[in-house]
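Hi,

Here's the structure I said I'd pass on to you. Have a look at it first, and then read on for what turned up.

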Amino acid sequence: MTSPKPASLSPRTKRPGDTADRIYHRLVESILAGRFSAGQALREAALARDWGVSRTPLREAVRRAAETGLVILRPNNAPLVCSLSRHDVASLYVLRENLELLALNLAWNSLFEQQAQTLQGLASRALPGSHRDWPALCLQFDRELHSWWTEACANPWLESALRRLARFLAVLQAWIGQDQDLLTEAYHEHLAIFDAIVARDPAQARLHLSRHIRHAGEHAVAALSADATP
């Protein structure tokens with residue numbers, strides 16, 4: 001008689017976190033698509049029943065959504081869906097612009113040559129259209145460039161605020177999607193910022209950073225569904 005397969009080898013076995021991941025992505029999509037209204041309370045029992053899931057992974061998904069800023073946790077009360085109108089998103093990019101410019105100013109004398117060399121290599125590999133993996137490398141160049149002055153600003157409060165904002169905007173941008181034309185535009189904007197830093201030209205670095213964040217904000221606001229952003 002053939003012995004049954006161990007549970008760990010069964011194709012139906014779920015990895016830990018799989019359910020929470022699926023609920024998290026469904027929750028994020030529902031919020032960004034406007035299926036929950038701004039300020040709406042997320043009733044755990046009702047949502048678990050409607051979605052046919054247990055409350056433990058749902059609670060974890062809500063906690064993760066709160067880390068991005070999409071949900072507001074409240075002691076002894078149901079979490080609330082945050083406001084996400086076009087005005088809200090535009091305001092977030094204004095905040096990002098000002099915080100990143102401040103971080104760049106504070107970090108200016110701490111942007112070391114070794115980091116510049118690493119970023120230069122990444123920029124070369126991320127050249128748009130050069131190979132099939134260039135979009136992923138463009139996004140990596142994006143993250144690591146912005147992290148350059150975020151980590152070097154020597155202000156933990158500012159760094160924490162920027163990282164929280166970056167997590168939220170990354171979720172928003174992933175939901176909106178980004179075509180190759182926009183990736184190419186962003187790549188050249190990032191390269192202009194990088195070149196100005198390497199040239200030790202703070203005025204140009206600030207100018208290019210400001211333009212880049214404003215363009216990103218304009219694209220994000222324009223891409224949001226009218227139904228999702230009344």
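Let's start with a pair of helices: α8 and α9 lie roughly antiparallel to each other, a label for angles over 145 degrees (under 35 is roughly parallel, 65 to 115 roughly perpendicular, and the rest oblique). What you have is a predicted model, where local features need pLDDT of at least 70 and side-chain atom pairs count only at pLDDT 80 or more, while totals for chains, interfaces and linings use all residues. Residues are numbered from 1 along each chain as its sequence is written, and side-chain values use heavy atoms, with hydrogens and water left out.

Back to the helix pair. Helix α8 covers residues 180–198, and its axis sits 8 Å from that of α9, at an angle of about 160°. (Axes are lines fitted to C-alpha atoms, for helices over the stretch in contact, and angles run from 0 to 180 degrees between N-to-C directions.) On the α8 side, the residues in contact include Leu182, Ala186, His190, Ile193 and Ile197, and the α9 side brings in His208, Leu209, His212, His215 and His219, among others. Contact here means heavy atoms within 4.5 Å.

One residue of α9 to click on is Ser210, as the helix runs over residues 202–223. Is Ser210 buried or exposed? Its relative accessibility is 12%, so Ser210 counts as buried. (The cut-offs are under 20% relative accessible area for buried and over 50% for exposed, with partly exposed in between, using a 1.4 Å probe and protein chains only.) Setting aside neighbours within four places in sequence, Ser210 touches Glu97 and Leu101.

**The whole chain**

How many helices and strands does the protein chain have? There are nine helices and two strands; these are DSSP runs numbered from the N terminus, with H or I over at least four residues for helices and E over at least two for strands. Reading from the N terminus, the order is α-α-α-β-β-α-α-α-α-α-α. The protein chain has 230 residues, and 40% of them count as buried. Among its contacts between residues at least 6 apart in sequence, 74% join residues at least 24 apart.

**The core**

The largest nonpolar core holds 65 residues, and Leu111, Trp148, Trp149 and Ile197 touch the most other members. (Such a core is a set of buried Ala, Val, Leu, Ile, Met, Phe, Trp, Tyr and Cys residues joined through side-chain atoms within 4.5 Å.) Helix α6, residues 134–152, gives this core its largest share, eight residues. If you leave out neighbours within four places in sequence, Leu111 is in contact with Leu104, Trp148, Trp149, Ala152, Ile197 and Arg200.

**The two strands**

Strand β1 (residues 71–74) pairs with strand β2 (residues 77–81) in the antiparallel sense, over three bridges; pairing requires DSSP to find at least two bridges between two strands. At one spot Val71 stands opposite Val81 in β2, and at another Arg74 has Asn77 as its bridge partner. The two strands form a hairpin with two residues between them. Four of the five residues of β2 are buried, so the rest of the structure largely encloses this strand.

The turn is worth a look. Most residues other than glycine have a negative phi. Asn76, though, has a positive phi of about 60° without being a glycine. You'll find Asn76 in the loop between β1 and β2, where its relative accessible area of 81% makes it exposed.

Ala154 is another non-glycine residue with a positive phi, near 60°. Ala154 sits in the loop between α6 and α7 (156–176), and at 73% relative accessibility it counts as exposed.

**Two more stops**

Where is Asn105? Asn105 belongs to helix α4, residues 86–107, and it is partly exposed at 43% relative accessible area. Asn105 and Cys153 are 48 residues apart in sequence, yet their C-alpha atoms are 7.8 Å apart in space.

Finally, helix α2 (residues 44–51) and helix α3 (residues 55–68) have axes that come within 10 Å and cross at roughly 110°. These two helices are therefore roughly perpendicular. Their contact uses Glu44, Ala45, Leu47 and Ala48 from α2, and Arg55, Leu58 and Arg59 from α3.

Have fun turning it around on the screen!

Cheers
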